[in-house]
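Biologist: I'm new to this one, so could you walk me through it? I'd like to hear the reasoning behind each label, not just the label.

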Amino acid sequence: MAKYLVTGVAGFIGRSIAAELLRRGSAVRGIDNFITGKRENLAGLEGMEFLKGDLADPSVCASACDGVEIVFHEAALASVPRSVADPVATNVNCVDATLNLLVASRAAGVRRVIYAGSSSIYGDSPTLPKREQMLPNPISPYAVAKLAGEQYMRSFTRVYGLETVTLRYFNVFGPYQDPTSHYSGVLAIFCRKMLAGEQPTIYGDGEQSRDFTYIDNVVNANLLAAVAPAHRVAGHAMNVATGSRITLNETFTILRELTGYRGEAAYAPPREGDIRDSLADIGLAGELLGYQPHVDFREGLRRTVEWYRGHRDGG
Ligand code: UD2
């Protein structure tokens, strides 16, 4: 019987958590509906029990949670612009799915749910770095949905005693991230295009900044959140990031070195719902989990480019 459930296991974050759990010899169940997850991402996870299903269906959530002790809830319809184009789909796949999963977790006697929160909930307030006690100020429907998910987490701890932990991820990147959709993360898109000799597009003036976080740091934070004592972490939300930021223009320059792309970037108008600057204070995750980012931005980007170089077909 699986001890761990990973939702969104065919997405790059879910897949990376599952791979590490399997590497450590744990029994893992994974679920995905393949709306954005890729079947190819399940390669290497053969030791895992896999369920194809949609968390919007409560009976699917019940089967997924059966016998599980700890849930890593990574499933979501990510992307700010996707939510601007279709806010209802984002709500169904982020909010309804999360509530169904929590209800099923409670019914199945799951001990802890660790939730993939998002830095987008901080919105565009000029204060940097973002600290957890700041008032959330979501702009896009995606940010609203991610915030609703974390409020449900907190509620289920307070009302039902289910241990929940929200990890607010800051712009995660790394191997297995889908580079093929225009809703993909910017670094995945840029790596694929620049390795193929195609011109990337920067929306806005390129001076927007992000606290881009390499995937291994996020996996590590999740595993720490799984073992942290409940009295320290249950019902809490904390930033998971590197605590440093870089502009898109600077990123483009580094990627030119790493990929060998010699052209310039194209510039286009800023995206709706975009925020300007993002930077985390990671002190709370350090205090509550013992979290430290072990892989910095440059090293993470180097590893990511190498991975895409070996997977030119987009997977
Ligand atoms: C948000 C969240 C992030 C995560 C993600 C999921 C913030 C600060 N971050 O990421 O934590 O939840 O949503 O989707 O809210 N861009 C280009 N060219 C491209 C693609 C993107 O210039 O081809 C720009 C885009 O306009 C933005 C930046 O790159 O300014 C980052 O965009 P993104 O979609 O990678 O991530 P973002 O910040 O919306």
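Biologist: What puts a polar side-chain atom of serine 118 in reach of the ligand?

Modeller: Keep in mind that this is a predicted model. In it, a polar side-chain atom of serine 118 sits 2.7 Å from an oxygen atom of the ligand. The cut-off for a polar contact is 3.5 Å, and 2.7 Å falls within that.

Biologist: Which other residues place a polar atom 2.7 Å from a ligand oxygen?

Modeller: Tyrosine 142 does, with a polar side-chain atom. Valine 186 does too, but there the polar atom belongs to the backbone. As for cover, the ligand taken alone exposes 750 Å², and the protein buries 91% of that. Two elements, α6 (186-195) and β8 (201-203), each give two or more residues to the shell around the ligand.

Biologist: How many residues make up that shell, and what kinds are they?

Modeller: There are 24 residues around the ligand, and among the closest are Tyr142, Val186 and Asp274. They split into 12 nonpolar, 9 polar and 3 charged.

Biologist: Back to serine 118. Why is this residue called buried?

Modeller: Buried means under 20% relative accessible area. Serine 118 has 7%, so the label fits. This serine is found in strand β5 (residues 112-118), and its side chain makes a polar contact with the side chain of serine 120, at 2.7 Å. Leaving aside neighbours within four places in sequence, serine 118 is in contact with Tyr142, Lys146, Arg168 and Tyr169.

Biologist: And threonine 90, why does that count as buried?

Modeller: Its relative accessible area is 1%, which is under 20%, so threonine 90 is buried. Threonine 90 lies in helix α4. With neighbours within four places set aside, its contacts include Leu77, Pro141, Tyr142 and Ala145.

Biologist: Now helix α2. Which of its residues are buried?

Modeller: In α2 (residues 58-65), they are Val60, Cys61, Ala64 and Cys65.

Biologist: How do you know that they line one face of the helix?

Modeller: Look down the axis of α2: the buried residues fall within an arc of 125 degrees, so they line one face. As a rule, an α-helix has 3.6 residues a turn, so residues three or four places apart point the same way.

Biologist: What do those buried residues pack against?

Modeller: They pack against β1 (4-7), β2 (28-32), β3 (49-52) and α4 (87-108). Just after α2, glycine 67 takes a positive phi of about 80 degrees.

Terms used
Residues are numbered from 1 along each chain as its sequence is written. This is a predicted model: local features need pLDDT of at least 70, side-chain atom pairs count only at pLDDT 80 or more; totals for chains, interfaces and linings use all residues. Side-chain values use heavy atoms; hydrogens and water are left out. Buried means under 20% relative accessible area, exposed over 50%, partly exposed in between (1.4 Å probe, protein chains only). Helices (H or I, at least four residues) and strands (E, at least two) are DSSP runs, numbered from the N terminus. The arc is that of the directions from the helix axis to the C-beta atoms. Contact means heavy atoms within 4.5 Å. A polar contact is a pair of N or O atoms within 3.5 Å; within protein, one must be able to donate a hydrogen and the other to accept it, and residues adjacent in sequence count only if both atoms are side-chain atoms. A residue is near a molecule or strand if one of its heavy atoms lies within 4 Å of it. Accessible areas come from the Shrake-Rupley method with a 1.4 Å probe; for residues, only the protein chains shown count as cover. Ala, Val, Leu, Ile, Met, Phe, Trp, Tyr, Cys and Pro count as nonpolar, Asp, Glu, Lys and Arg as charged, and the others, Gly among them, as polar.
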